[in-house]
Amino acid sequence: MQKGGVIMDVTTPEQAKIAEEAGAVAVMALERVPADIRAAGGVARMADPEVILRIMDAVTIPVMAKARIGHFVEAQILEALGVDYIDESEVLTPADEDFHIDKHRFTVPFVCGARNLGEALRRIGEGAAMIRTKGEPGTGNVVEAVRHIRTVNSEIRKLANTPDDELMTFAKNIAAPYELVREVKKLGRLPVVNFAAGGIATPADAALMMQLGCDGIFVGSGIFKSRDPKARAKAIVEATLHYNDPKVLADVSRGLGEAMPGLEIASIRREERMQERGW
Amino acid sequence: MKIGVLNIQGAVSEHADMLRRCGAEVALIKRPEQLADLNGLIIPGGESTTIGKLVERFGLGPAIKDMAAAGKPIFGTCAGLILLSGKVAGSEQFLLGLMDVTVARNAFGRQRESFETDLDIPVLGAHPFRAVFIRAPLILGLGEGVEVLCRHNGRVVAARQGNLLATSFHPELTDDERMHRYFLAMAKEQ
């Protein structure tokens, strides 16, 4: 039950303990954070199980791990290790350019990235229990995550005002399962939680995404690529709780040292943008 | 009848929806001063370490303890049970320490070991209660004033100590309102 909390990328047991101590509701166990994956280039794969198991031993909060898009065997391995959630993630190099993992075949829940309502409902249709914005990972630039949550929410508002006899065409136009489109209209929101991810670097970024309607926050490179990870991790947790209180936000944002270096999205060629991976 | 739901993290909206269905007025609580005019409080499931740290950092602990001392009912589910307890086996995390029970965290295993089952809870009537256990805790040790409300395979998963009520499972994730109605009846008695 991670709703309303912050999930942090970690690469070592020591970092996992810093995250838990700061008040993270879960950690994402990785060999490298997205900024380093981006810098290293080449093929990015599931982390070494040894790294994941050491992190699972270090903390009592849930541990998530990433599998490549479509790589259902990596997912089988992660499930066998006992991780609490699998992120079928565009941060890793996709293993299949046409098909995502059939997540209904697993007991362990999945989280998947989405840039719009259609993509979110396709992933939920495949069995995802949690959605997150894709954003643009490893950039420390929140602009893409903002675009993605605004897009999903504006499409949901449009759907809420679409008459029932037009829903099949709505479903066709966004390439989403009809039954899920009907359900979203009834609920007025996605049937699963929708977290923010991909570029969150400051307490203000986290609060921005919460005020835009996200159910919680993933912070990838933003914490352990900053000058003072301990203080920043704690501040982001507190900002996510009091996201609607500018006085608390001002207080927790003070004296955190330098944030991670950011990247302008326009400086990344389209074919190198992680958010373009998957469909 | 105004019931607060501690709004730090976790299954907050699910509890709030269930309480509204049962006819209660709901307040979502983030600050100590909001606790003053409540008839009862629910501490929902989530991550107990996260909720505990933030309760401590934002000074909610003393206000919740005052509420309990004033005899107002408090209901902890899953992580909420952990926070109400006096001791967690093998952990030094922040606790409210209101209930005289010792708990084990993640007592059934990790996420993949989460499950649903039918429970027999006599105070709710003869009909079985569908219960959802997610990385759930168990009550290991009980003090004298603690009444067992339910066992699962011989182990305690629901208990009451005066104005304090706790369950290992998530009664807010099914449609069965009986556990919440039982808690509201406790609030009415006050």
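A:Asp84 forms a salt bridge with B:Arg135, and the closest N and O atoms are 2.9 Å apart. The model is predicted, and in it the count between chain A and chain B is six salt bridges. The points below cover the contact between the two chains, then strand 3 and helix 8 of chain A.

**Interface between chains A and B**

- On the chain A side 31 residues are in contact with 26 residues of chain B.
- About 2400 Å² of area is buried between chain A and chain B, and carbon and sulfur atoms give 51% of that area.
- Within chain A, the residues that lose the most area to chain B are A:Met1, A:Lys3 and A:Leu241, which together make up 31% of what that side buries.

**Strand 3 of chain A and its neighbours**

- Strand 3 of chain A spans residues 63-68 and is mostly covered, with six of its six residues buried.
- In a regular strand, side chains alternate between the two faces of the sheet.
- Both faces of strand 3 of chain A are covered: one side has A:Val63, A:Ala65 and A:Ala67, the other has A:Met64, A:Lys66 and A:Arg68, and all are buried.
- The buried set therefore includes the charged-type names A:Lys66 and A:Arg68, for which buried means under 20% relative accessible area.
- Strand 2 (residues 26-29) of chain A runs parallel to strand 3 of chain A and is joined to it by three bridges; here A:Met28 stands opposite A:Met64.
- Strand 4 (residues 85-89) of chain A also runs parallel to strand 3 of chain A, with five bridges between them; in this pairing A:Lys66 stands opposite A:Asp87.
- Helix 4 (residues 72-81) of chain A joins with strand 3 and strand 4 of chain A to make a right-handed β-α-β unit.

**Helix 8 of chain A**

- Helix 8 of chain A covers residues 178-187, and its buried residues are A:Leu180, A:Val181 and A:Val184.
- Seen down the axis of helix 8 of chain A, these buried residues fall within an arc of 105°, so they line one face of the helix.
- An α-helix has 3.6 residues a turn, so residues three or four places apart point the same way.
- The face of helix 8 of chain A turned away from the buried side carries the exposed residues A:Glu179 and A:Lys186.
- The cover over the buried residues of helix 8 of chain A includes helix 5 (117-125), helix 6 (143-160) and helix 7 (167-173) of chain A.
- A:Gly188, just after helix 8 of chain A, takes a positive phi of about 75°.

Notes: Residues numbered from 1 in each chain as written. Chains lettered and ligands numbered in written order. Predicted model: local features only at pLDDT ≥ 70, side-chain atom pairs only at ≥ 80, totals over all residues. Heavy atoms only, no water. Buried < 20%, exposed > 50% of the residue type's maximum accessible area, 1.4 Å probe, protein only. Helix = DSSP H or I, 4+ residues; strand = E, 2+ residues; numbered from the N terminus. Arc of directions from axis to C-beta. Contact = heavy atoms within 4.5 Å. Pairing = 2+ DSSP bridges. Right-handed = clockwise from strand over helix to strand, strands pointing away. Buried area = accessible area lost by both parts, 1.4 Å probe. Salt bridge = Lys/Arg side-chain N within 4 Å of Asp/Glu carboxyl O.
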